[in-house]
Amino acid sequence: MDSVEDELEMATVRHRPEALELLEAQSKFTKKELQILYRGFKNECPSGVVNEETFKEIYSQFFPQGDSTTYAHFLFNAFDTDHNGAVSFEDFIKGLSILLRGTVQEKLNWAFNLYDINKDGYITKEEMLDIMKAIYDMMGKCTYPVLKEDAPRQHVETFFQKMDKNKDGVVTIDEFIESCQKDENIMRSMQLFENVI
Amino acid sequence: MAAGVAAWLPFARAAAIGWMPVANCPMPLAPADKSKRQDELIVLNVSGRRFQTWRTTLERYPDTLLGSTEKEFFFNEDTKEYFFDRDPEVFRCVLNFYRTGKLHYPRYECISAYDDELAFYGILPEIIGDCCYEEYKDRKRENAERLMDDNDSENNQESMPSLSFRQTMWRAFENPHTSTLALVFYYVTGFFIAVSVITNVVETVPCGTVPGSKELPCGERYSVAFFCLDTACVMIFTVEYLLRLFAAPSRYRFIRSVMSIIDVVAIMPYYIGLVMTNNEDVSGAFVTLRVFRVFRIFKFSRHSQGLRILGYTLKSCASELGFLLFSLTMAIIIFATVMFYAEKGSSASKFTSIPASFWYTIVTMTTLGYGDMVPKTIAGKIFGSICSLSGVLVIALPVPVIVSNFSRIYHQNQRADKRRAQKKARLARIRVAKTGSSNAYLHSKRNGLLTEALELMGTPEEEHMGKTTSLIESQHHHLLHCLEKTTNHEFIDEQMFEQNCMESSMQNYPSTRSPSLSSHPGLTTTCCSRRSKKTTHLPNSNLPATRLRSMQELSTIHIQGSEQPSLTTRPLPTTSNESQGIQGKTKVKCHK
């Protein structure tokens, strides 16, 4: 019964975002960029919010060979900062603002938030394994070389070797930021998507 | 990629930042967005009606007329708009396709006009949305059939030497209008069926008396004449059956078909009669065998479309009829029992047993009321009246329901079959589209390799390369490339995957070849060198045949012939990318 009511609610909700000037002040995008982003957003989600199903559908269009639903789920949680089960335009812009226009520190913070599934401030091996499996799922079956069963686990081991400085089995935010700042590749790749909009 | 989803590409790329801390390789460079044009409105003037849209909306589908540079041919310099001398009504649907990603088919449009417009704008009709696809396909099929009928009547006199004699004969049998000979044959068999049926009927009519004996039916009076007629009919039917058997494309299926069984049953009694004329005991059975001659009337169903449809609808409503029969049987048994016990007391009652009462119940429930059996007791009469009243209900109510079910189920069956066939086709198309997009990526990866190599050398060739794939596509491919780098595995198409699987289990794929995940000092060189190693490492073409055969036992993968891909090229996936591939390959030749 609840789901029916929820559905009705979601169907009639027409979320309107904040005024353009307010969003411009809150994010690091210009007015024109916000206009373009909103047009795309509203086209796909006329009701003004994205729920997890739509999110997963949209994301899976970009990865036809694999299964991107798990990773999309984690992404959705990372974007849905107020945890109300829907990503509104403001949440969307907030996330994008950090990812595309934020400082390296902010980006690393965001990535840490993504990996920390239960948001307790620590990345455990299990959490990292889930994330890694989700990423490897997106590759699908037809890969070269053939994906082995323990490839994600091995990758997690490498990650922890690099990041976990005090070898206590968890990675804290400080360890994470410190280790990333030391790695040139990561620093360089963080700047990769600067000019996406 | 769907329309609006292209708008989400910046988001997907931004989200890729989540992979960065996990990756061990450096990421490839993002494609440069050289054309930093501001999004502008363009005006499309279609026969005087002006449509306006953003340029990026049209560029979502770069392989159509409006999305590619082909529209420049229609640019009018004086008015700074694109002028198309086409139907503005259909253009509305076409433009909405760009806007929403769904192509609709307006019902009031003529199907061939719509097809022409779609062909002009370079849009495949396969992408019509689910809401309108059925209607579109139905109209298209109707139109095609109509055209085909017209063509057939035109080509009636043409001879088709390409068909074999057997095939022409079968065609003549199935479709009497194809040639005059077939038409003649059709009418002759029809005539003989009618003659045979009338003969059977007239045989039993009393024909007047022969002086000195009682009244005889015509069959016994003119037995010779009737025998000759019967022989003639059976000969014609036998010849027809043998001809059909000879001409049938699948004899086994023909023998099993209903019509051929009817044919056989119709002519069997005659031959059986020929064989066993003298045996007295069996002649009784032989007489009843003549009943089967009446099945000849069913042969008319080849001649009548309506009979065939009736038979088919009865078959498809079998469950409904079965239920009616069942409920009737229940009611009959109940009332028969009741009447029997009610009338047990009265003397000289006709209701001697329950099965004897069945007859009364049936006659009463169907409101026939012959009157040969009537109840005499008061209880009997009461139950008798209840029986006739309920008879009306039991029979009259389901019949309209069944009648309406006939048409509903008939149409539903047809539509369900259609939908099933369409669904298979839809899934196949979606699969093709999916492999198309992933193949597009694999394809442009090859081209992209050259681009990168050239970029490293400092040659600004990317402008030429960039034109073969749109910006959105190249950004999408960059995203997929980043994922590959993150996981240190590459996308390959299914054929290569299966070949690799085969060859890996054959040659005990050495573990040293699997990419090591520990960080290397010179990561760029390792990644690049690994890629170049990959191009040289391809299955050898001189594998011993015995090993191949043993592999066939181990795996069920279909080994694709003896041709092996050459070292530097891989099989080209889809035709839509062929032109790109050819362009790419020629570029390789020039700049090697």
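Modeller: Before we look around, a word on terms: helices (H or I, at least four residues) and strands (E, at least two) are DSSP runs, numbered from the N terminus. By that numbering, Leu310(B) is found in helix H14 of chain B.

Colleague: Thanks! What kind of model is this, and how are residues numbered?

Modeller: This is a predicted model, where local features need pLDDT of at least 70, side-chain atom pairs count only at pLDDT 80 or more, and totals for chains, interfaces and linings use all residues. Residues are numbered from 1 along each chain as its sequence is written, chains are lettered from A and ligands numbered from 1 in the order in which they are written, and side-chain values use heavy atoms, with hydrogens and water left out.

Colleague: Back to Leu310(B): is that residue buried, partly exposed or exposed?

Modeller: Leu310(B) is partly exposed, at a relative accessible area of 46%. Buried means under 20% relative accessible area, exposed over 50%, and partly exposed in between (1.4 Å probe, protein chains only).

Colleague: Which residues form the nonpolar patch with Leu310(B)?

Modeller: Leu307(B), Leu314(B) and Leu321(B) join Leu310(B) in that surface patch, and together they have about 310 Å² of accessible area. Patches are made of residues with over 30% relative accessible area and no salt bridge: like charges are joined within 9 Å, nonpolar side chains (Val, Leu, Ile, Met, Phe, Trp, Tyr) within 5 Å. Accessible areas come from the Shrake-Rupley method with a 1.4 Å probe; for residues, only the protein chains shown count as cover. Helix H14 (residues 305–316) of chain B gives the most to the patch, with 3 residues.

Colleague: New topic: how many helices and strands are in chain B?

Modeller: Chain B has 24 helices and 7 strands. Of its 592 residues, 37% count as buried.

Colleague: And how many residues does each chain bring to the contact?

Modeller: Chain A brings 60 residues and chain B brings 60 residues, where contact means heavy atoms within 4.5 Å. The two chains bury about 5,400 Å² between them, 71% of it on carbon and sulfur atoms. Buried area is the accessible area (1.4 Å probe) that two parts lose on being put together, summed over both.

Colleague: Which three residues of chain A supply the most of the area it buries against chain B?

Modeller: Phe62(A), Tyr144(A) and Phe193(A), with 16% of that area.

Colleague: How many salt bridges are there between chain A and chain B?

Modeller: The count is 0; a salt bridge is a side-chain nitrogen of Lys or Arg within 4 Å of a carboxyl oxygen of Asp or Glu.
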